[in-house]
Amino acid sequence: AAEREAEVKRLKEELGELKDRDIAPNVDAEGAHDHYKEELRQAKLAQEEAEARAEAEIASETEGAKLEVKRLKIELDDTRQRWEQDQSALSALQHRFQLQQEIQVAKGGQVPAA
């Protein structure tokens with residue numbers, strides 16, 4: 001009977017040790033799970049921040065492109081106006097030259113070869 005009680009006591013101690021070992025891995029697993037969840041949360045935050053930065057950069061580049069297009073349109077309009085003024089001035093000079101030639105011919109002079 002004493003042997004039996006000693007055996008029961010030893011088995012209970014072993015069982016207690018096994019239970020302690022089973023609890024420790026569960027605690028570690030829960031800690032690892034919490035750590036994984038935190039890493040996942042941090043990764044999601046980093047991804048959201050990166051996406052926000054990328055969207056802001058795209059918006060900035062888009063705004064810059066819009067401003068460049070606006071500047072180029074203004075420059076094109078200015079160039080077109082200068083070209084039209086130059087064409088008008090050229091037409092006026094051509095008309096004046098033609099009148100001078102007609103006057104020269106009317107006076108009986110010869111028109112120089114062009």
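This is a short tour of charged side chains in a predicted model, with a residue or group to select at each stop.

**Stop 1: the helix**

Select residues 2-106, which make up helix H1. Glu 55 has its place in this helix, and the salt bridges visited below pair residues of helix H1 too.

**Stop 2: Arg 10 and Glu 7**

Select Arg 10 and Glu 7 and show their side chains. The two form a salt bridge, and their closest N and O atoms are 2.6 Å apart. Where do these partners sit relative to each other in helix H1? Arg 10 and Glu 7 are three residues apart, so about one helical turn separates them. Turn on the surface to see how much of each is covered. Arg 10 is partly exposed, with a relative accessible area of 37%. Glu 7 is partly exposed as well, at 35%.

Side chains of opposite charge can pair when their charged atoms come close.

**Stop 3: Arg 71 and its partners**

Move along to Arg 71 and select Glu 68 with it. Arg 71 and Glu 68 form a salt bridge, with 2.7 Å between the closest N and O atoms. They are three residues apart in helix H1, which means a separation of about one helical turn.

Keep Arg 71 selected and add Glu 75. The side chains of Arg 71 and Glu 75 also meet in a salt bridge, at 2.8 Å from N to O. Here the spacing is four residues in helix H1, again about one helical turn.

What do Glu 68, Arg 71 and Glu 75 form together? They are linked in a network of salt bridges. Are the members buried, exposed or partly exposed? Arg 71 is partly exposed, with a relative accessible area of 41%. Glu 68 counts as partly exposed at 36%, and Glu 75 as partly exposed at 41%.

The count for the model comes to five salt bridges. Those at this stop and the one before are among them.

**Stop 4: a negative patch**

Now select Glu 48, Glu 49, Glu 51 and Glu 55. These residues form a negative surface patch. Members of such a patch have over 30% relative accessible area and no salt bridge. Pick out Glu 55, one of the four. Its relative accessible area is 57%, so Glu 55 is exposed, the cut-off for that class being over 50%.

**Last view**

Show the patch and the network in one picture. The patch consists of Glu 48, Glu 49, Glu 51 and Glu 55, while the network links Glu 68, Arg 71 and Glu 75 by salt bridges.

Notes: Residues are numbered from 1 along each chain as its sequence is written. This is a predicted model: local features need pLDDT of at least 70, side-chain atom pairs count only at pLDDT 80 or more; totals for chains, interfaces and linings use all residues. Side-chain values use heavy atoms; hydrogens and water are left out. Patches are made of residues with over 30% relative accessible area and no salt bridge: like charges are joined within 9 Å, nonpolar side chains (Val, Leu, Ile, Met, Phe, Trp, Tyr) within 5 Å. Accessible areas come from the Shrake-Rupley method with a 1.4 Å probe; for residues, only the protein chains shown count as cover. Lys and Arg count as positive and Asp and Glu as negative; His and the chain ends are not counted. The place of a charge is taken as NZ of Lys, CZ of Arg, CG of Asp or CD of Glu. Helices (H or I, at least four residues) and strands (E, at least two) are DSSP runs, numbered from the N terminus. Buried means under 20% relative accessible area, exposed over 50%, partly exposed in between (1.4 Å probe, protein chains only).
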